[in-house]
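Welcome! Below are some short exercises, each followed by a worked solution. Have a look at the structure, try each task yourself, and then read on.

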Amino acid sequence: MSLSSKYDSKTTEDKWYNYWMENDFFRSVPDERESYTIVIPPPNVTGVLHMGHMLNNTIQDVLIRRARLKGYNACWVPGTDHASIATEAKVVAKLKDQGIDKNDLTREEFLKHAWDWTDEYGGVILEQLKKLGASCDWSRTKFTLDEDMSASVIKVFIDLYNKGLIYRGYRMVNWDPEAKTTLSDEEVIYEERKGILYHLKYQIKGTEDFISIATTRPETILGDTAICVHPEDKRYTDLIGKTVVVPIVNREIPVIADAYVDMEFGTGALKITPAHDENDKKIGETHNLEVIDIFNEDATLNSFGLHYQGKDRFVVRKEIARELEEKGSLVKKEDYVHKVGTSERTKAVIEPRLSDQWFLKMEELAQPAIKAVKEDIVELLPPKFKSTYFHWMENVRDWNISRQLMWGQRIPAYYYGDGKDDFVVANSLEEAVTLSRKQTNNDNLQSKDLRQESDVLDTWFSSWLWPISVFNGVLEPENEEINYYYPTRDLVTGPDILFFWVARMIVAGFELRDEKPFDKVYLTGLVRDKQGRKMSKSLGNSPDALKLLERYGADGVRVGLLLSAAAGNDIMFDEDLCQQGKGFVNKMWNAFRLTKGWEVDKSLEQPQHSAQGIAWYRSRFNQVLAEIEDHYSKYRISDVLMTSYKLIYDDFCGWLLEIIKPEYQHPIDAQTLAEVMELFEDNLRLMHPFTPFITEEIWQTIANRRVKEALCINTWPEGGAVDEELLSDFVLVQEVISGIRTVRKDKQIAFKNQIELKTINNENLDTSYNPLIQKMGNVSSVEVILDQMAGAASYRVRSNEYFIPLEGNIDVAAELVKLDAELKRAKGFLIGVQKKLSNERFVSSAPETVVAIEKKKEADAIAKIVTIEASVKALK
């Protein structure tokens, strides 16, 4: 058979992916088999493939392809998340480019633009995942804003509200002034930033004295309603109860006392701005202080900002500092490093803001989820992430689930009056009218009298239902699919969303179905560059995922990514790993070409050395298969790959094929080739989860296969007996052969020149291996001798000694000259090292590590001299 000298990944990948899709190999429907289910962490509908996606989805594909081969009904559900903040931001930007202001549009008009954008650009990432080889059941693709998915979200909201777990409250929230929406605590990223600490003075009313405070946000003095000191701070005892004048505003505010104040920080006096700081709000509530909100929703100043009205907060910060300085109210400025909360999505600096929001009570809901992880009902891998999980869950706060956006599931609350509590929660406007009439005893209420809540639900409030809602388990809790596929088997995701998503899915699972959503959570590390930096567009260190696939092939990239992807540990990505992966793929292709290039002679008997090599590899394969099964059970995916890689690269290609390879232009016997191809097929089964394309290509080329015989839906290799004695013997045989190769290399004896091998066989290596040693070393004979042999190169394998006569193979005189020169150099080097070590000043003053290095040099030099002298003696 004529095979291409080079493996063509592009043609092969397109061919076999289309073949798998055309034959519905990824399709799953409930049947009598045990299910093995994975739900994809839904990427943002706005997303494109990046390194993190490739790592995460390659691991999922490895697990699902192996499950398919193991005989499970493997179901991998794909989909995308509507990503409310990210998507709305992109639509707003597009509208802005077209000269359209979002605020000029009705909700319906904006949503039409959003859906148009989603239809045009959304879901690109799913098509890109196909290039990677992802074997999802694409017929099951879900979107978190699909009609049934949204209906599930609304039903859960209503049910939780009716249980008293959802409520509306006026709270201090994290406000993103760019997205103009609230964020949950988990969506705020705290970054260390350089700032300025401004020391300001407030005049004590009726005196010429002042009290000083320190703040990083001088603009917020416009909302100050008190100065607070510690009740036991003797510096300020006389001031408690008096009033001070806020600079610029000239508003009189009281000096109050509260034990919250840290007397050691700054001046020991705090300005209190209840509208713009969580702790200030608590103090304000305790002391009944006025609340003055100085910001608009975009963080420009409102009318309370006086002459700064309409200006951005950061502009005002600089301008008000200058004004304070001009008025003599700025005492000093000093550099200050502090943590600043930023929006995970927009990167805008967060503003604490008082606002009416919807919340989900979490403390009670969290308890079953805490218990599930503590008792390994849901297992986190690696377990080191348990402590992070418990820290979050045991200190959980009520979840702020409302967002001031249009893109998302609209909260099903309907207001019938102007009061904060004048609302009902209903599944439709018609139902809301009925409930409102009942609640108000007003049968004249009409649908036009009601207005629906404008807020939408947090994106995570839809994705926390993902393992349930993708099988319609919310709307139809007892349907066939949810009962068959749920709980799912494995979840593969990053630790950065352990709380955002993983913990909340566990909460939802126990609350809605009284059951865990998955058995195990495999937490991958972050993909970093080889310098350890997080990949980002700004650093320019994030490779184009599609270009990597084009350059190295999907199999090569998959291998490259997983070679160093230990669970939970960050991956230092180096493109050379993809080159190594591509090289491994080519190795398999070339091994196949080699076997297919041999002519078969059915009349030939199987040589002894071939029978031994095949028996050894079969036993070695079974040994490695057991190791691989153990690695899989512990989710050591990188170890599985490395173990498989070494088995095929070293043992199969490096040893077995060399053992059975016929002499040049000679045929091979039929039995050997048939048995080797069986072993090759087992190798392909083993590697298919990691390298699906090359393995399917070789599998289908080995023989004409029917559709149902495709490797993709074939079987996992079956283990067998391991002959420990044979494996032990073979290690010794390999060392003997390696010794022969080393001597040939060192003495420049060409492999075509046949040599003799003499041995003092203390290990009693079975002479039945002699034909194998002769074949692999081009040895004419192996003879057991009793004494050491002169005129020969020697080496030792354990307690056995081996001698290769050099007469006729090398120029003995020239070799002695070369050895003599090497001996002189080694002795000269040794004298220099020993001279340094005999110097007491050097030994006593040099660091221990330096002295240890010199002693190591001495020992190495002595060993080298002994070796050279032995070689000289043997030649003479």
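**Exercise 1. A tyrosine in a helix**

Is Tyr161 buried, partly exposed or exposed? Please keep in mind throughout that the model is predicted.

*Solution.*
- Step 1: Find the residue. Tyr161 sits in helix H6, which covers residues 147-162.
- Step 2: Take its relative accessible area, which is 24%.
- Step 3: Compare with the cut-offs: buried means under 20% and exposed means over 50%, with partly exposed in between. Tyr161 is therefore partly exposed at 24%.
- Step 4: Look at its surroundings. Leaving aside neighbours within four places in sequence, Tyr161 is in contact with Ile166, Trp358, Phe423 and Val425.
- Step 5: Check a separation along the chain. Tyr161 and Leu360 are 199 residues apart in the chain, yet 8.5 Å separates their C-alpha atoms.

**Exercise 2. Two helices that cross**

Describe how helix H2 and helix H5 are placed relative to each other.

*Solution.*
- Step 1: Decide what to look for. Two packed helices are described by the angle between their axes and by the distance between those axes.
- Step 2: Read both values. The axes of H2 (residues 51-69) and H5 (residues 124-132) come within 11 Å, and they cross at roughly 60°.
- Step 3: Name the arrangement. That angle makes H2 oblique to H5.
- Step 4: Add the handedness: the crossing of H2 past H5 is right-handed.
- Step 5: List the residues that meet. From H2 these are His53, Met54, Asn57 and Thr58, and from H5 they are Ile125, Leu129 and Leu132.
- Step 6: Sort them by class. The contact of H2 with H5 has four nonpolar residues, three polar ones and no charged ones.

**Exercise 3. A second helix pair**

At what angle do the axes of H9 and H15 cross, and which residues meet?

*Solution.*
- Step 1: The axes of helix H9 (residues 363-374) and helix H15 (residues 498-513) cross at roughly 110° and come within 8 Å.
- Step 2: Angles from 65 to 115 degrees count as roughly perpendicular, so H9 and H15 are roughly perpendicular to each other.
- Step 3: On the H9 side, the contact involves Leu365, Ala366, Pro368, Ala369, Ala372 and Val373; on the H15 side, it involves Ile506, Val507, Phe510 and Glu511.
- Step 4: By class, the contact of H9 with H15 has nine nonpolar residues, no polar ones and one charged one.

**Exercise 4. A glutamine in a strand**

Which side chains make polar contacts with the side chain of Gln357?

*Solution.*
- Step 1: Gln357 belongs to strand E14, residues 351-360.
- Step 2: Its relative accessibility is 0%, so Gln357 counts as buried.
- Step 3: One polar contact, of 2.7 Å, links its side chain to that of Ser355. Another, of 2.6 Å, joins the side chains of Gln357 and Ser402.
- Step 4: Widen the view. Not counting residues up to four places away in sequence, Gln357 touches several residues, including Tyr167, Arg168, Asn400 and Asp455.

**Exercise 5. A lysine and its partners**

What does the side chain of Lys130 make a polar contact with?

*Solution.*
- Step 1: Lys130 is part of helix H5.
- Step 2: The partner is the side chain of Glu127, at 3.1 Å.
- Step 3: Apart from neighbours within four places in sequence, Lys130 is in contact with Tyr17, Met21 and Trp138.
- Step 4: The C-alpha atoms of Lys130 and Asp14 are 9.6 Å apart, with their positions 116 residues apart along the chain.

**Exercise 6. Backbone details in loops**

Find two cis peptide bonds and two residues with positive phi.

*Solution.*
- Step 1: The bond from Leu381 to Pro382 is cis, with omega near -5°. Pro382 lies in the loop between strand E15 and helix H10.
- Step 2: The bond from Tyr486 to Pro487 is also cis, with omega near 0°. Pro487 is in the loop between H14 and strand E22.
- Step 3: Lys180 is not a glycine, but it has a positive phi of about 60°. Lys180 is located in the loop between strands E5 and E6, and at 30% relative accessibility it counts as partly exposed.
- Step 4: Tyr635, not a glycine either, has a positive phi of about 60°. Its place is the loop between helices H18 and H19, and Tyr635 is buried, with a relative accessible area of 11%.

Note on methods:
Residues are numbered from 1 along each chain as its sequence is written. This is a predicted model: local features need pLDDT of at least 70, side-chain atom pairs count only at pLDDT 80 or more; totals for chains, interfaces and linings use all residues. Side-chain values use heavy atoms; hydrogens and water are left out. Axes are lines fitted to C-alpha atoms, for helices over the stretch in contact, and angles run from 0 to 180 degrees between N-to-C directions. Helices (H or I, at least four residues) and strands (E, at least two) are DSSP runs, numbered from the N terminus. Angles under 35 degrees count as roughly parallel, over 145 as roughly antiparallel, 65 to 115 as roughly perpendicular and the rest as oblique. A crossing is left-handed if the near helix is turned anticlockwise from the far one by less than a right angle, and right-handed if clockwise. Contact means heavy atoms within 4.5 Å. Ala, Val, Leu, Ile, Met, Phe, Trp, Tyr, Cys and Pro count as nonpolar, Asp, Glu, Lys and Arg as charged, and the others, Gly among them, as polar. Buried means under 20% relative accessible area, exposed over 50%, partly exposed in between (1.4 Å probe, protein chains only). A polar contact is a pair of N or O atoms within 3.5 Å; within protein, one must be able to donate a hydrogen and the other to accept it, and residues adjacent in sequence count only if both atoms are side-chain atoms.
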